[in-house]
Amino acid sequence: MLGTNKMFGTNITHVINQSTFWNSGGSRLGARWDGNAQTPNFLKAKERGLLDYIELNFPLAYSEDPWCLELPVLSHTANNPLASAFGISLEHAGLVKEYLSKTDSPWTGEHLAILGETGVGALGYVINPPLTEEFFKIACSNITTLQVLYNHPIALELGPFYSVLSDGAFRNEYHFLNEVARATDSLVILDLTHTLITSRNLGRDPVICFDEIERERVVELHVAGMRSSRHGANEYWFDAHQEPPNTATIEITEEALRLLPNVMAVTLEYSLEGETDGFFSALEILANKVGKR
Amino acid sequence: MSDEAMRVQSAFVRLIFSDAEYKHFISSPIDYAAKLMLNASQINLLSPCATELFVVERQGRKNLAARELRRAFPRTFALLCYDNRSDSQIINEFMDSDNFFEIGDTPCAWTGLYGYDNRPKFFKWAKIQPRCAGLSECLKLDFAVYLTSLTQYSNYPYYENFRHGLLVESNRGQLFVKNGIVIGIAESTKAQEALTNLGSQNIERFLR
């Protein structure tokens with residue numbers, strides 16, 4: 001159990017004390033809620049016993065109402081650039097904190113990423129940082145700032161990698177992630193779809209993530225669809241939240257649940273553009289894997 | 001944070017989005033390094049940007065950003081694509097500009113903070129592009145539709161301005177836009193006054 005692992009110091013005590021729901025043992029199944037239009041399907045999934053919690057990307061728009069689902073909430077954000085040399089926006093982080101305080105989320109998910117070339121704002125989806133000693137120090141400094149602001153555990157997540165900018169200080173992105181997590185006493189969200197995309201694009205074995213990351217730190221798994229497209233003679237893989245997870249993703253989820261002792265949450269990321277049937281069938285499959293069926 | 005790391009991050013981000021910067025980097029990395037004041041080890045760090053994987057990555061990232069622009073400015077793209085220019089070319093030109101990389105001057109509807117929405121930055125860029133007939137009206141109309149559509153998501157003061165709709169000048173009268181929909185044309189002065197009295201604002205007030 002997490003509470004007996006001394007590696008994490010007070011953070012994990014905080015996690016355990018947060019909520020009886022999260023303290024009840026085993027892994028829970030949840031899904032990322034992206035907007036009011038998803039609420040009817042989420043209500044159906046809740047009624048069928050397929051959803052234990054929802055994950056929310058903070059800050060929310062004013063009109064969004066995930067609270068009507070009356071499900072526990074896991075806090076997440078994609079808009080704090082933890083690895084940015086330009087720093088993070090305390091105004092934005094303050095908004096996340098405000099939402100976080102309305103939940104009993106045991107940790108808040110953050111991307112180990114950059115978002116642009118300014119101290120605030122985002123040009124698009126999260127961008128992976130250079131894996132260098134300097135960016136390691138930058139990430140640690142930004143995370144420490146956030147930890148002081150939040151006074152709450154942070155769980156770090158990596159995006160899918162295509163090209164890897166590296167000065168050789170780290171063996172790979174998981175080594176970088178693990179060292180940052182260790183230095184800042186952070187938890188880890190392992191996005192298994194990102195792991196598969198990276199491994200396929202870079203021609204690597206995906207299981208290196210289990211060897212590089214301290215297994216006890218992983219508290220949450222992200223699972224989503226992926227798609228490929230051809231570029232010349234080669235095939236490349238991308239995130240595709242509008243599609244259900246494929247067989248390889250389900251298999252690695254099973255492996256992760258077997259190998260990682262502290263996974264408390266398995267989160268399906270399935271967007272509004274996806275077919276409704278795909279959402280329910282993915283939840284059914286994952287429910288079986290986390291032992292809900 | 002060090003200036004060196006900022007320069008590396010800046011170069012990496014620009015190589016992802018800007019075709020002009022990328023061509024410069026590929027054709028002459030040494031010139032490119034000099035322009036950005038990058039040393040040999042920093043330019044070496046960026047060397048994976050010359051691979052096919054990076055080309056694939058930048059294509060994917062640009063497409064994501066482009067999709068939201070195409071959705072928000074359908075009338076504008078139709079007019080900017082003169083002389084067989086594709087909408088991808090238009091988007092590439094925007095992503096080559098400093099407007100794209102700056103935080104802009106319109107707050108995000110979700111957060112009230114600057115820099116989290118590329119669409120107002122596109123508006124700012126497009127309004128200074130070479131003119132073709134009707135471009136100004138279409139651009140303002142697309143932007144009015146976009147801004148008023150956000151009132152339902154936002155309670156920030158900037159978006160409260162648009163709650164009673166926006167008026168956009170056209171050669172047929174003033175177009176009345178509310179909640180993301182073009183409602184109709186206020187042709188007479190009396191109709192325009194009535195809308196103004198109800199709280200509708202002329203979009204010109206908000207265009208810098």
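Start by selecting A:Glu55, which sits in strand β2 (residues 53-57) of chain A; helices (H or I, at least four residues) and strands (E, at least two) are DSSP runs, numbered from the N terminus. Leaving out residues up to four places away in sequence, A:Glu55 touches A:Ala31, A:Arg32, A:Trp33, A:Leu74, A:His76, A:Glu220, A:His222 and A:Thr267, where contact means heavy atoms within 4.5 Å. Is A:Glu55 buried or exposed? With 0% relative accessibility, A:Glu55 counts as buried; buried means under 20% relative accessible area, exposed over 50%, and partly exposed in between (1.4 Å probe, protein chains only).

A word on what is on your screen: this is a predicted model, in which local features need pLDDT of at least 70, side-chain atom pairs count only at pLDDT 80 or more, and totals for chains, interfaces and linings use all residues. Residues are numbered from 1 along each chain as its sequence is written, chains are lettered from A and ligands numbered from 1 in the order in which they are written, and side-chain values use heavy atoms, with hydrogens and water left out.

Next, select A:Glu214, in the loop between α7 (208-212) and β7 (218-224) of chain A. A:Glu214 is buried too, at a relative accessible area of 15%. Now add A:Thr247: A:Glu214 and A:Thr247 are 33 residues apart in sequence, and their C-alpha atoms lie 26 Å apart in space.

Now show both chains and look at where they meet. The contact takes 47 residues from chain A and 43 residues from chain B. Between the two chains, the buried area (the accessible area, with a 1.4 Å probe, that two parts lose on being put together, summed over both) is about 3800 Å², and carbon and sulfur atoms give 65% of that area. Pick out A:Glu117, A:Leu123 and A:Leu165: these residues supply 19% of the area that chain A buries against chain B, more than any other three residues.

Keep A:Glu117 selected and add B:Arg14. Here you find a salt bridge, with the closest N and O atoms 2.8 Å apart; the term means a side-chain nitrogen of Lys or Arg within 4 Å of a carboxyl oxygen of Asp or Glu. How many salt bridges are there between chain A and chain B? The count is one.

Which elements of chain A give two or more residues to the side that touches chain B? Colour α3 (90-100), α4 (133-150), α6 (192-202) and β9 (234-239) of chain A to see them. The largest share, five residues, comes from α4(A).

Cross over to chain B and select B:Gln9, found in helix α1 (residues 3-17) of that chain. At 0% relative accessibility, B:Gln9 is buried. Show its neighbours within chain A: B:Gln9 touches A:Ala83, A:Ser84, A:Ala85, A:Phe86, A:Ile114, A:Gly116 and A:Phe135. Then add B:Glu160, which is 151 residues from B:Gln9 in sequence and 36 Å away in space, C-alpha to C-alpha.

Move on to helix α10 (residues 135-149) of chain B, which has 15 residues. From its first C-alpha to its last, α10(B) reaches 21 Å, close to the 21 Å expected (the expected span is 1.5 Å times one less than the number of residues). Because 13 of its 15 residues are buried, α10(B) is largely enclosed by the rest of the structure.

Finish by zooming out to all of chain B. You can trace twelve helices and four strands in chain B, and 52% of its 208 residues count as buried. Along its principal axes, the C-alpha trace of chain B spans about 70 × 40 × 25 Å.
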